[in-house]
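This report describes the fold, the sheets, the salt bridges and two individual residues of the protein shown below. Please read it alongside the sequence and the structure.

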Amino acid sequence: MDVRAVVSARGGARASTQFPLPTFNLLPPFFHSTPSGHNARIFDVAPAPAASTAFAGWLASASEDDAVRLWRPREAGGGGGGTDTDFDLAAAFRGHSDPVLRVAWHVSSPDSGLLASSSGDRTARLWRVEERGGGRWATAPVATLGGHAEEVYACEFLGGGADVSSGGGGGGGGGGGGPPLRLVTASGPGLVGWEVRPDGEPVRVGDSPPCTVGLDSDPSSSSTPLPPRWAAAHIFCAASQPGAPSHPLIAAACSDGALRLWAAGGSAAAFTPVLGVRVHPGAVCSSLAWTADGVSLAVGAADGSLALLDVRKPT
């Protein structure tokens with residue numbers, strides 16, 4: 001894997017930059033003054049999939065207030081003169097007993113969706129939302145995914161699968177016939193694979209083996225060694241590769257300063273270690289994002305630096 005650039009907010013480039021870094025024009029933040037909004041920090045925001053119809057432009061947010069909230073764009077000129085940065089609260093999901101750290105969407109029918117959330121309470125949860133017409137939406141909890149050893153810092157749907165968003169059985173075209181929906185969560189140093197049956201029942205089907213390929217065995221060998229707690233390679237963020245719905249790479253940003261990659265097989269049980277790269281020696285990796293073509297990764301660290309990588313090029 002080619003580490004193309006490492007950019008530090010405090011010290012400029014730490015490696016030669018092979019392409020110009022983009023600049024961004026930031027939209028003004030939207031703000032809700034209603035008491036129904038989050039009352040603590042927001043840890044994650046996920047847009048609805050671009051292919052969704054009923055939820056076009058919607059956002060899901062995960063917060064320190066133990067809740068997941070759904071936001072829909074306010075119609076311009078529709079009772080408030082909304083703009084492209086105005087959103088209204090559509091629904092709130094409560095059930096976690098600790099801050100919600102991540103949230104993810106799965107939409108497999110035009111009028112229903114499934115959300116996954118993961119939390120510091122060592123669980124992930126599934127939630128259903130359905131359009132009922134006339135601007136009305138119905139929401140319901142679906143399942144709790146327990147048994148994680150530590151906080152759950154990631155939840156990702158993988159590819160297609162049977163439609164469980166409308167409650168299995170009768171709805172949404174997936175019914176009971178297709179393959180189960182696949183979900184990946186991350187807790188401690190490993191990934192956990194789940195299959196969600198058409199009736200919404202999740203089944204834990206496998207855990208990832210350690211990924212040490214390409215990594216030195218002792219991260220404390222860095223000139224700025226990490227505290228022992230972080231040297232254990234806890235996963236703080238994970239994301240599946242876009243454009244590869246059947247067998248994507250799963251990238252994980254880890255507390256020992258490394259990016260780890262697993263290949264997801266045809267079932268949620270199959271995780272094959274691919275490669276580890278210590279992109280931020282002496283710093284905790286805290287976030288990552290794929291480019292839309294699934295070729296490059298950006299990995300952020302707690303020291304303010306950002307590493308940009310091309311997964312097509314071996315080290």
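## Long-range contacts and overall make-up

Of the contacts in the protein between residues at least 6 apart in sequence, 54% join residues at least 24 apart. The model behind this value is predicted. Its secondary structure consists of 21 strands and zero helices.

The protein has 315 residues, and 48% of them are buried. Its accessible surface amounts to about 14,100 Å². Carbon and sulfur atoms account for 54% of that surface.

## The sheet S3-S4-S5-S6

Four strands make up an open sheet in the order S3-S4-S5-S6, and their pairing is antiparallel. Strands S3 and S6 (87–94) are the edge strands, each pairing on one side only. From one strand to the next, the twist in this sheet averages 25 degrees.

Within the sheet, S3 and S4 are joined in the antiparallel sense by five bridges. Proline 47 has leucine 59 of S4 standing opposite.

## The sheet S15-S16-S17-S18

Another open sheet has four strands in the order S15-S16-S17-S18, also with antiparallel pairing. Strand S15 (235–240) and strand S18 (271–277) each have a single partner strand, so one side of each is left without a neighbour in the sheet. Here the twist averages 20 degrees from one strand to the next.

Strand S16 (residues 249–254) and strand S17 (residues 259–264) run antiparallel and are joined by five bridges. Leucine 249 has alanine 263 in S17 as its bridge partner.

## Salt bridges

The structure contains eight salt bridges. One of them brings together the side chains of glutamate 64 and arginine 41, with an N to O distance of 2.8 Å. Glutamate 64 lies in the loop between strand S4 (59–63) and strand S5 (67–73), while arginine 41 lies in the loop between strand S2 (12–13) and strand S3 (42–47), so the pair ties together parts that are 23 residues apart in sequence. Glutamate 64 is partly exposed, its relative accessible area being 28%. Arginine 41, with a relative accessible area of 51%, is exposed, because the class of exposed residues begins over 50%.

A further salt bridge links glutamate 195 and arginine 197, whose closest N and O atoms are 3.0 Å apart. Is glutamate 195 buried or exposed? With a relative accessible area of 14%, glutamate 195 is buried, because buried means under 20%. Its partner arginine 197 is partly exposed, at 31% relative accessibility.

Arginine 260 and aspartate 256 also form a salt bridge, and their closest N and O atoms are 2.8 Å apart. Both arginine 260 and aspartate 256 are buried. Salt bridges with shared partners connect Asp256, Arg260 and Arg278 in one network.

## Arginine 125

Arginine 125 is located in strand S9 (residues 124–133). Which backbone oxygen does the side chain of arginine 125 reach? The side chain reaches that of glycine 95, at 3.1 Å. Leaving aside residues up to four places away in sequence, arginine 125 touches Gly95, His96, Leu115, Ala116, Ser117, Ala143 and Thr144.

Proline 202 offers a comparison of sequence distance with spatial distance. Arginine 125 and proline 202 are separated by 77 residues in sequence, yet their C-alpha atoms are 9.8 Å apart in space.

## Serine 119

Serine 119 belongs to strand S8 (residues 112–119). Serine 119 counts as buried, with 0% relative accessibility. Residues up to four places away in sequence aside, serine 119 touches His96, Asp98, Pro99, Val100, Leu101, Glu151 and Val152.

His96 appears among the contacts of arginine 125 and also among those of serine 119.

How values were computed: Residues numbered from 1 in each chain as written. Predicted model: local features only at pLDDT ≥ 70, side-chain atom pairs only at ≥ 80, totals over all residues. Heavy atoms only, no water. Helix = DSSP H or I, 4+ residues; strand = E, 2+ residues; numbered from the N terminus. Buried < 20%, exposed > 50% of the residue type's maximum accessible area, 1.4 Å probe, protein only. Contact = heavy atoms within 4.5 Å. Areas by Shrake-Rupley, 256 points an atom, 1.4 Å probe, with all protein chains shown as cover. Polar contact = N/O pair within 3.5 Å; in protein donor to acceptor, adjacent residues only side chain to side chain. Pairing = 2+ DSSP bridges. Axes fitted to C-alpha atoms, helices over the stretch in contact; angles between N-to-C directions. Salt bridge = Lys/Arg side-chain N within 4 Å of Asp/Glu carboxyl O.
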